[in-house]
Amino acid sequence: MRTNLSLEGWLDHLRVLEPVVGVVHVGAGNGRAADRYADWGVDTAIFVEANEDFYDKLVATLRGRDNWTVHTTLISNSAVDMDFFVASNPNESGVLRPEVFAGLWRNLKTRERRRLHATTLEAILAVSKGGQRANWAVVDCVPALPVLHSASHCLDGWDVIIARVILDESKAPNDGAAKSRIDQFLSSRGYWCVASEEEFQPAIGSALR
């Protein structure tokens with residue numbers, strides 16, 4: 001029987017099947033997901049965001065939550081120095097130059113380029129309070145594939161992964177952003193995509209595994 005559940009509907013079902021013991025959220029931005037995790041009663045939450053401009057807002061989400069932590073660092077599949085581009089829309093900042101998304105947002109521009117030292121998600125979880133308890137992962141950045149590669153040894157312990165992906169792959173800025181490549185990698189680790197949902201820009205969306 002085919003279902004037409006929204007992504008939120010799937011999340012509600014999966015929280016029953018695979019309760020959230022802890023969540024790690026890469027690309028946490030201004031912490032807008034914190035209200036959701038609070039509503040869910042998540043005990044352990046680890047927020048990772050490369051853009052230090054969001055730090056104060058993220059720290060504000062920690063108040064009264066002893067097991068929630070924030071890391072201001074860039075995540076990639078190896079510990080190297082990388083360019084990080086602050087975009088005219090801060091929510092679209094990342095390791096890809098904003099202008100490569102011209103087919104999606106014509107007016108998106110680079111506001112600033114920063115040279116940051118990247119680390120792996122495995123390294124962050126190893127030093128995070130409750131990091132080994134995380135069983136849900138959210139990768140809210142493009143491209144998501146290097147972040148997932150950086151957590152290779154953690155994948156066996158995760159129950160649910162939500163990743164931001166390019167759905168219209170003709171507009172994907174690189175292979176690591178395309179949904180098919182992320183599906184291919186995660187299926188080799190035992191994950192299957194059960195749902196995806198478009199954003200306001202329909203070429204981009206979230207895929208749930």
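Student: Where does Gly176 sit, in terms of strands and helices?
Tutor: This is a predicted model, where local features need pLDDT of at least 70, side-chain atom pairs count only at pLDDT 80 or more, and totals for chains, interfaces and linings use all residues. Residues are numbered from 1 along each chain as its sequence is written, and side-chain values use heavy atoms, with hydrogens and water left out. Helices (H or I, at least four residues) and strands (E, at least two) are DSSP runs, numbered from the N terminus. Gly176 is in the loop between strand S8 (160–166) and helix H6 (179–187).

Student: Is Gly176 buried or exposed?
Tutor: Buried means under 20% relative accessible area, exposed over 50%, partly exposed in between (1.4 Å probe, protein chains only). Gly176 has a relative accessible area of 12%, so Gly176 is buried.

Student: Which residues is Gly176 in contact with, leaving aside neighbours within four places in sequence?
Tutor: Contact means heavy atoms within 4.5 Å. One of the partners, Pro143, is joined to Val142 by a cis peptide bond, omega about 5°. Pro143 has its place in the loop between strand S7 (136–139) and helix H5 (145–149). The full list for Gly176 is Pro143, Ala144, Leu145, Pro146 and Ile182.

Student: Over in strand S6, which side chain makes a polar contact with the side chain of Arg114?
Tutor: Arg114 lies in strand S6 (residues 110–119), and at 12% relative accessibility Arg114 counts as buried. A polar contact is a pair of N or O atoms within 3.5 Å; within protein, one must be able to donate a hydrogen and the other to accept it, and residues adjacent in sequence count only if both atoms are side-chain atoms. For Arg114 the partner, at 3.1 Å, is the side chain of Glu112.
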